[in-house]
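I opened this entry to look up how the helices pack. My notes follow the order in which I checked things.

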Amino acid sequence: MKKSMDCSVLPSKSTEERIREAAKRVFLEKGFDGATSRDIADAAGINIALTNYYFRSKEKLFISIFEEMIQLFFNGMVDIMNKPISLREKIAELIRHDFQLMKENPSLSLFVMNEVHRNPERMVNSIGVMKQIHHSMFEEQLQQEVKQGTVRAINAIHLLPMIFCNIQFLFIGKAMHMKMWQMDEAGFDKFADNHKQLVIDMITNYLFEFEKV
């Protein structure tokens, strides 16, 4: 007679995904040090033993989530950098892309920065992504424009932080902005949309509108 199988120990994609989604929420809120396996199990609505069954340890689960967050953090950026469009269009598109990413994932930037600060070696896992950015068309295109005198002399290593910090800080400080200026969610969305266009104008004007010596 065929024995019935114990479903509680069978690999279940839905259970694994529930654990990952719960872990993502907990880690984004509390970071690695603040989160516990019990927090993750409670958020997933499962027994803590199942969390350990699928991922063995909080560390292994965190590494999996961190790598996913790094990929999300840089998701789409390289594609935009390699697009055959003008530098002005490319910068505006990078700003809009980063804005939308932060709007959909407001805790992402702070999470990545905190965890990289806590354990810089974790960035070793994202070296491949960093190399793609470094070897994209963006720096070459920028330097061509510099040589032609159409943009101010600047390197991508300075320009990219100028672009992204002006967007990411907005969302890192979302709660502060909402309280300080007495905004609701709709008010913040309108404020952020206006800020996005200001950043596009500020960066492009700085680069393209300058007095040639």
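**Helix packing notes**

I started with helix 4 and helix 7, which cross in a left-handed sense. Helix 4 covers residues 58–74 and helix 7 residues 108–118; I read an angle of about 125 degrees and axes 10 Å apart. That angle makes helix 4 oblique to helix 7. On the helix 4 side I listed Phe62, Phe66, Met69, Ile70, Leu72 and Phe73 as the contact residues. Helix 7 contributes Leu108, Ser109, Phe111, Val112, Glu115, Val116 and Arg118. Sorted by class, this contact of helix 4 with helix 7 has ten nonpolar, one polar and two charged residues.

I then checked confidence, since this is a predicted model. The mean pLDDT of the protein is 87, with 90% of its residues at 70 or more. Over residues 1–11 pLDDT stays under 50, and for this stretch I found six contacts beyond four places in sequence. Low pLDDT means that predicted coordinates should not be read in detail. I took residues 1–11, with pLDDT under 50, no further.

Next I looked at helix 12, beginning with its packing against helix 6. Helix 6 (residues 87–104) and helix 12 (residues 185–208) pack at about 155 degrees, their axes 10 Å apart. Helix 6 is therefore roughly antiparallel to helix 12. The crossing of helix 6 with helix 12 is right-handed. From helix 6 I noted Leu87, Arg88, Ile91, Ala92, Ile95, Arg96, Phe99 and Lys103 in the contact. The helix 12 residues there include Asp189, Asp193, Lys196, Val199, Ile203 and Phe208. I logged eleven nonpolar, one polar and six charged residues for the contact of helix 6 with helix 12.

How does helix 10 pack against helix 12, and at what angle? Helix 10 spans residues 156–172; its angle to helix 12 is about 165 degrees and the axes lie 10 Å apart. The two helices are therefore roughly antiparallel to each other. Helix 10 passes helix 12 in a right-handed crossing. Helix 10 makes the contact through Leu159, Met162, Ile163, Asn166, Ile167, Leu170 and Phe171. Among the helix 12 residues that meet helix 10 I noted Phe188, Phe191, His195, Met202 and Tyr206. This contact of helix 10 with helix 12 divides into 14 nonpolar, two polar and one charged residue. Ala192, Lys196, Val199, Ile203 and Leu207 of helix 12 appear in the contact with helix 6 and also in the contact with helix 10.

Last, I looked up the record. An unreviewed UniProt entry lists residues 36–55 as "DNA-binding region". In the model, this span is 80% helix and 0% strand, and its end C-alpha atoms lie 13 Å apart.

Terms used: Residues numbered from 1 in each chain as written. Predicted model: local features only at pLDDT ≥ 70, side-chain atom pairs only at ≥ 80, totals over all residues. Heavy atoms only, no water. pLDDT = per-residue confidence, 0-100. Contact = heavy atoms within 4.5 Å. Axes fitted to C-alpha atoms, helices over the stretch in contact; angles between N-to-C directions. Helix = DSSP H or I, 4+ residues; strand = E, 2+ residues; numbered from the N terminus. Parallel < 35°, antiparallel > 145°, perpendicular 65-115°, else oblique. Left-handed = near helix turned anticlockwise from the far one by under 90°. Nonpolar A, V, L, I, M, F, W, Y, C, P; charged D, E, K, R; others polar. UniProt positions renumbered as here; feature names shortened; annotations may be inferred.
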